[in-house]
Amino acid sequence: MTRSTRPGRLAAAVSSVFAASVIAAALAASAPPLHPPEPQRQTEGQVLENPVPATADSVATGRQWYVFMCRECHGNTGLGDGDMAHAGGDIPDFTDDVWLHGSRDGDLFRVIKEGVTADMQPYADRLDDEDIWHVVNYLRTLADRR
Ligand code: HEC
């Protein structure tokens, strides 16, 4: 008796595992996430301290890079209303208190350096670390000007 039922149970178990993975794959394919599933927040042990003081020179340098590379999407004053904003992606407002990927200087640095989406690309190959910190210092002034 047991001999004839065992393979049947095994087959049923295998096919239900298979069905579950097909459903999971279908769900994943049908709903591409707007934001990465894991926000790039750093754990406390990984927090990067901003080594570049926010002097007028630093902010001015950051602004130059911003105008050159970021304004087209993020807008003149950081409201997310740049000329390319209509092209897709949900562009965040830098002047509010909402930071999708963490609000510390180190969080902003990581977003800019490593990127988060097809729209918000990594800038590691276009900006060196010091320039990224200058840009972070400039972004902070946008919120202050609100
Ligand atoms: C092609 C359009 C585009 C360009 C160019 C662009 N960004 Fe973004 N940026 C986005 C989008 C879209 C997001 C939102 C990403 C998401 O969905 O999480 C974003 C997110 C960010 C965030 C995270 C905001 C938050 O709430 O945490 C920062 C910081 C940022 N961008 C800085 C920059 C800087 C600095 C530059 C230029 C060096 C730049 N971006 C260039 C489209 C752009």
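Helices (H or I, at least four residues) and strands (E, at least two) are taken here as DSSP runs and numbered from the N terminus. The model is a predicted one, in which local features need pLDDT of at least 70 and side-chain atom pairs count only at pLDDT 80 or more, while totals for chains, interfaces and linings use all residues. Residues are numbered from 1 along each chain as its sequence is written.

Met120, a useful place to start, lies in the loop between helix 4 and helix 5. Met120 counts as buried because it has 20 C-beta neighbours inside 10 Å; a residue is buried if 20 or more other C-beta atoms lie within 10 Å of its own, exposed if 12 or fewer, and partly exposed in between, with C-beta atoms placed from the backbone. Not counting residues up to four places away in sequence, Met120 touches Val111 and Gly115, where contact requires that the C-beta atoms, placed from the backbone, lie within 7 Å. Gly115, just after helix 4, takes a positive phi of about 75°.

Met120 also belongs to the surroundings of the ligand, where 24 residues form the shell and the closest are Cys70, Cys73, Gly89, Asp119 and Met120; a residue counts as near if its C-beta atom, placed from the backbone, lies within 6 Å of the molecule. Although Met120 and Cys70 are 50 residues apart in sequence, they are 9.5 Å apart in space, C-alpha to C-alpha. Helix 3 (71-74) and helix 4 each supply at least two residues of this shell.

In helix 4, the buried residues are Asp105, Asp107, Leu108, Arg110, Val111 and Ile112, and these pack against helix 5. Leu108 and Ile112 are also among the residues with the most contacts inside the largest nonpolar core, which has 13 residues; such a core is a set of buried Ala, Val, Leu, Ile, Met, Phe, Trp, Tyr and Cys residues joined through C-beta atoms within 7 Å. Helix 4 (105-114) and helix 5 are the elements that give two or more residues to this core, and helix 5 gives the most, with 6 residues.

Helix 5 (residues 129-144) also meets helix 2 (residues 56-69), their axes coming within 7 Å and crossing at roughly 95°, which means that helix 2 is roughly perpendicular to helix 5, a label given to angles of 65 to 115 degrees. Among the residues making the contact are Gly62, Trp65 and Tyr66 of helix 2 and Val135 of helix 5. Leaving aside neighbours within four places in sequence, Val135 is in contact with Gly62, Trp65, Tyr66, Ile112 and Leu127.

Key:
Axes fitted to C-alpha atoms, helices over the stretch in contact; angles between N-to-C directions. Parallel < 35°, antiparallel > 145°, perpendicular 65-115°, else oblique. Contact = placed C-beta atoms within 7 Å.
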